[in-house]
Each structure stands twice: as C-alpha cells, then as structure tokens.
Amino acid sequence: MPKDAAVEEFARLVRALKARDGRSYEALGRRLSVSASTLHRYCSGATVPEEFAVVDRLALLCGADEEERRALEVAWSRADRTRRPPVPEPGTEPESGPEPEPEPERQPAPTPEPEPAPEPASDPEPDPDPELEPVHARVPGLPSERRRRRWGWVGLVGGTLAVVGAVTLGAVLLPGKTRERAAEPPAPLTWTVASHIWKNGCGHTYLVERTAPPPPESADARSWAAAQGAVDGGETLVRVSVQGKGAAAVVLQALHVRVVERGAPLPWTAYRMGGGCGGAVTPRRFEVDLDRPRPVARALDGYDASGEEGRTLPAVSFPYAVSAAEPEELLVSAGAAGCDCRWYLELEWSSEGRRGTVRIGDEDGAPFRTSGLRGRPVWEYDPVGLRWVRGEVPEA
C-alpha cells in the first residue's frame with residue numbers, strides 16, 4: 001500500500017471512532033493523556049502515534065469491538081512503517097546540527113564497570129545479576145515441577161538459596177513500539193508502558209554525550225533518544241496502562257519504586273526539547289523523588305481544564321480496581337537532581353483470593369534511567385535560526 005494511502009486509511013479509522021463517540025478533541029484527549037491538537041493530528045493523518053496503546057485506548061473509549069480493534073492495529077502498523085525514518089548507526093555523528101561551544105574543563109565520563117567474564121561453555125547454569133532479580137515475584141499457584149525447573153537456572157553458591165519464580169515481563173515486539181507484558185499465569189492482568197513522554201506533549205530534557213541533531217517530534221522521541229544514546233535529564237515520565245484479563249476485578253493495591261543502581265549525575269550536555277506548554281493534568285498521577293534513600297510514589301491532585309474555570313481533581317490513592325472492560329492509567333513523574341538512577345516500578349495486585357507483584361521497566365524491559373542536571377550546560381533549539389543556542393543552566 002502506498003505511503004499516503006496507508007496513513008490516510010489509519011486516519012480514516014481514527015476519525016470514524018471519534019465521530020462515533022461524539023466527544024470533543026479536548027475531552028477525548030484528557031482521557032488519553034494527549035493534547036487536543038495531538039489527537040487532531042492523528043485524525044487528520046498529519047501524525048502517526050509511535051505506540052499503538054494510545055489508539056487502542058481510544059478504541060476502548062469509543063466502544064470498538066475486538067474485530068475493529070484488530071483492523072485498527074493492522075492499519076496503524078502499515079502507517080507506522082511508512083513514516084518511521086531509518087535509525088542512524090550508533091556512534092555516527094549527524095550530518096547537520098551545529099557543534100556546541102567547547103566546554104572548559106569538561107569532566108570525563110565515569111568509567112563503566114567491566115562486565116563479568118562469561119561462564120565456561122561447560123557450565124550449564126548461568127549466574128543471574130542479583131541486583132536486577134525481581135523481588136516479590138512469586139506467582140501463586142505455579143506448579144512445583146515448573147518452579148523446580150526455574151530453580152535450576154539459579155544454581156547453588158555456598159548452600160541452598162531461596163528463589164522466587166520470575167515474572168515474565170512480556171512478549172517481544174519490534175523496536176520502537178510500546179511493549180505489552182502479561183505476567184505469567186495465573187496473574188489476571190496485562191499492561192503496556194511508555195517512558196518517552198514529554199510533559200504536556202512538548203517539554204522534555206535529554207542528556208547526550210555528543211553533539212545532538214535537531215529535536216524530533218514528540219511522537220518520534222523514543223527512536224531519536226535511542227539513536228543518540230540519550231538519558232532523561234532531571235525527570236522521567238512513565239505512563240502505565242493496566243487492564244484485567246477477564247470479567248473479574250483485579251484490585252491494584254500499591255505502587256512501589258525500586259532503585260537498582262545509583263551513581264553520580266552524568267557529565268553530559270543537556271538538550272531541552274521545548275520550553276513547556278499548557279495542558280490538562282489527569283488524575284491517577286504520581287510523583288517520585290529518586291534522590292531519597294527510599295523513593296515512594298506519592299499521589300497528586302489532577303486538574304480539569306475543560307470548563308471556563310478549571311477545577312482541581314483530588315488525588316486518588318490505592319487501592320482501586322481494573323477489569324477487561326475498565327482499564328486504568330497511571331502517570332508517574334520521577335525526578336532526580338543528585339543521582340544517575342536506574343529504577344523499576346512494582347505494582348501489587350490481588351484478585352479472587354490471589355495476590356502478586358509485577359515489575360515494570362521500560363519498553364525493552366530494562367530499568368528506567370534518570371540523571372540529574374546539576375551544573376550541566378543546557379542547549380535549546382532555535383526554530384527560526386535552526387540551531388542549538390545556550391539556555392539557562394539549572395541551579396545546583
């Protein structure tokens with residue numbers, strides 16, 4: 001199918017959903033955590049969302065059945081392939097984009113710790129990384145024979161170690177897509193995650209070790225960041241969409257934050273994608289301070305800007321329930337000033353007498369990563385001069 005035809009077919013299906021629902025772009029956008037202008041670009045074909053999850057949520061809100069959702073996913077996949085630019089090879093410098101001014105006395109990047117030597121080929125039992133092993137990951141009801149097979153991968157070091165069953169974090173999808181991960185049976189829920197989110201669709205800062213090319217559209221943030229080896233600077237926004245597998249309600253009991261690695265902030269250059277913009281804040285919003293010894297996810301108030309006078313939406317804390325017909329969305333804002341932190345989210349659930357915990361990482365299953373910006377040079381993009389210019393340095 002030609003490029004324009006694939007994008008137009010996808011946009012036609014999105015317009016049909018919006019027309020069926022009857023709500024305004026702003027009202028639907030608030031439910032999807034996107035701006036009204038972004039939703040309008042989806043309907044007009046000006047933009048194809050990088051992740052299907054936002055389109056699938058729109059389909060659920062507008063009452064689409066399973067067959068319509070499958071057709072929409074096929075159309076999105078075709079449109080997504082036509083608009084995705086080739087990703088440059090890692091390590092190559094971009095052909096365009098100005099070279100920032102040289103920095104005096106630039107600190108050398110921290111030397112990474114050497115990777116452990118591989119085990120001999122004759123040893124069939126690899127030693128897993130103890131820091132990245134899931135915690136609270138026992139899956140109730142897992143057959144003992146299957147559990148014993150999983151124990152065989154852990155091995156014995158100086159005696160018998162207590163081992164818990166690992167939670168599978170999802171099926172592998174193509175790079176650049178939000179990945180859906182379903183915990184192993186009998187966990188009764190699935191979820192999708194998106195971690196390259198810009199505040200209100202336009203404001204974000206990345207730390208990059210080398211000269212960065214011009215900033216991307218927010219929909220292409222993930223592929224741009226991957227090509228540059230970029231790390232979130234100062235803040236990471238994570239959106240987790242949780243849905244039950246069946247009619248039975250699944251109660252979400254708590255959301256925890258687990259920092260698995262902590263170091264000094266990266267001595268890289270900060271590139272600000274935009275200066276921020278207005279927009280409504282949705283409920284189910286949580287704030288995390290990664291600089292604390294034991295970070296916690298704190299529920300925040302939301303804000304409804306749909307009327308002439310906005311109104312505050314009181315924070316809603318755990319527990320609350322999800323099902324196949326009633327999904328839920330969690331928006332987590334994690335900030336760091338004095339650390340380069342790698343971290344996970346852990347979601348506790350219960351349903352019909354069973355309990356469990358699922359560990360949530362980024363789209364590839366790796367920990368999220370957030371580094372502070374203290375003292376780093378900041379560059380902002382001038383859309384008129386088409387070049388990076390010096391911005392305000394964050395306070396120490």
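## Helix faces, ring pairs and a few odd turns

In α3, the buried residues are Thr38, Leu39, Tyr42 and Cys43. Around the helix axis they span an arc of only 140°, so they sit on the same side of α3. Right after α3 comes Gly45, with a positive phi near 85°. Keep in mind throughout that this is a predicted model.

**How far to trust it**

The mean pLDDT of the protein chain is 74, and 67% of its residues reach 70 or more. Among the elements, which has the lowest mean pLDDT and which the highest? Helix α6 (residues 144-151) has the lowest, at 41, and β16 has the highest, at 97. There is a stretch at residues 89-98 where the pLDDT is below 50, and beyond near neighbours in sequence it has eleven contacts in the model. Residues 114-185 also stay under 50, and for them the model has 104 contacts beyond four places in sequence. Where pLDDT is low, the predicted coordinates should not be read in detail.

**Helix α7**

Helix α7 (residues 221-228) is mostly covered, with seven of its eight residues buried. Those buried residues are Ala221, Arg222, Ser223, Trp224, Ala225, Ala227 and Gln228. What covers them includes strand β3 (205-208).

Let's pick out Ser223, which belongs to helix α7. Ser223 is at 15% relative accessibility, so it counts as buried, the cut-off being 20%. A polar atom of the Ser223 side chain lies 3.1 Å from the backbone oxygen of Asp220. At the other end of the story, Gly229 comes just after α7 and takes a positive phi of about 65°.

**Aromatic pairs**

The model has seven aromatic pairs. One of them is Phe52 with Trp76, a tilted pair with 5.7 Å from centre to centre and 50° between the planes. Why does this pair tie together parts that are 24 residues apart in sequence? Because Phe52 lies in the loop between α3 (36-44) and α4 (53-61), while Trp76 is in helix α5 (residues 66-83). Phe52 counts as buried at 12% relative accessibility, and Trp76 is buried too, with a relative accessible area of 4%.

Then there's Tyr271 with Trp388: the ring centres are 4.7 Å apart and the planes stand at 70°, so this pair is edge-to-face. Tyr271 is in strand β7 (residues 269-272) and Trp388 in strand β18 (residues 387-390), so the pair ties together parts that are 117 residues apart in sequence. Are Tyr271 and Trp388 buried or exposed? Tyr271 is buried, and so is Trp388. Ring pairs also bring in Tyr381, linking Tyr271, Tyr381 and Trp388 into a cluster.

**Charges over rings**

Two spots have a charged side chain and a ring together. The charged end of Arg359 sits over the ring of Tyr344, 4.3 Å from its centre. Lys18, for its part, lies over the face of Tyr25, at 4.2 Å from the ring centre.

Tyr344 turns up again around Ala366. Leaving aside neighbours within four places in sequence, Ala366 is in contact with Tyr344 and Gly361. Ala366 is placed in the loop between β15 (354-360) and β16 (368-371) and is partly exposed, with a relative accessible area of 30%. From Ala366 to Trp343 is 23 residues in sequence and 8.9 Å in space, C-alpha to C-alpha.

**Positive phi without glycine**

Glu352 and Leu386 each have a positive phi though neither is a glycine. Here they are side by side.

| Residue | Phi | Place | Relative accessible area |
|---|---|---|---|
| Glu352 | near 50° | loop between β14 (340-351) and β15 | 63% |
| Leu386 | about 55° | loop between β17 (378-382) and β18 | 55% |

Why do these count as exposed? Exposed starts at over 50% relative accessible area, so Glu352 at 63% qualifies, and so does Leu386 at 55%. The loop that holds Leu386 runs between β17 and β18, and Trp388, from the edge-to-face pair with Tyr271, lies in β18 itself.

Terms used:
Residues numbered from 1 in each chain as written. Predicted model: local features only at pLDDT ≥ 70, side-chain atom pairs only at ≥ 80, totals over all residues. Heavy atoms only, no water. Phe/Tyr/Trp six-rings, centres within 6.5 Å; stacked < 30°, edge-to-face > 60°. Helix = DSSP H or I, 4+ residues; strand = E, 2+ residues; numbered from the N terminus. Buried < 20%, exposed > 50% of the residue type's maximum accessible area, 1.4 Å probe, protein only. Lys NZ or Arg CZ within 6 Å of the ring centre and 35° of its normal. Contact = heavy atoms within 4.5 Å. Arc of directions from axis to C-beta. Polar contact = N/O pair within 3.5 Å; in protein donor to acceptor, adjacent residues only side chain to side chain. pLDDT = per-residue confidence, 0-100.
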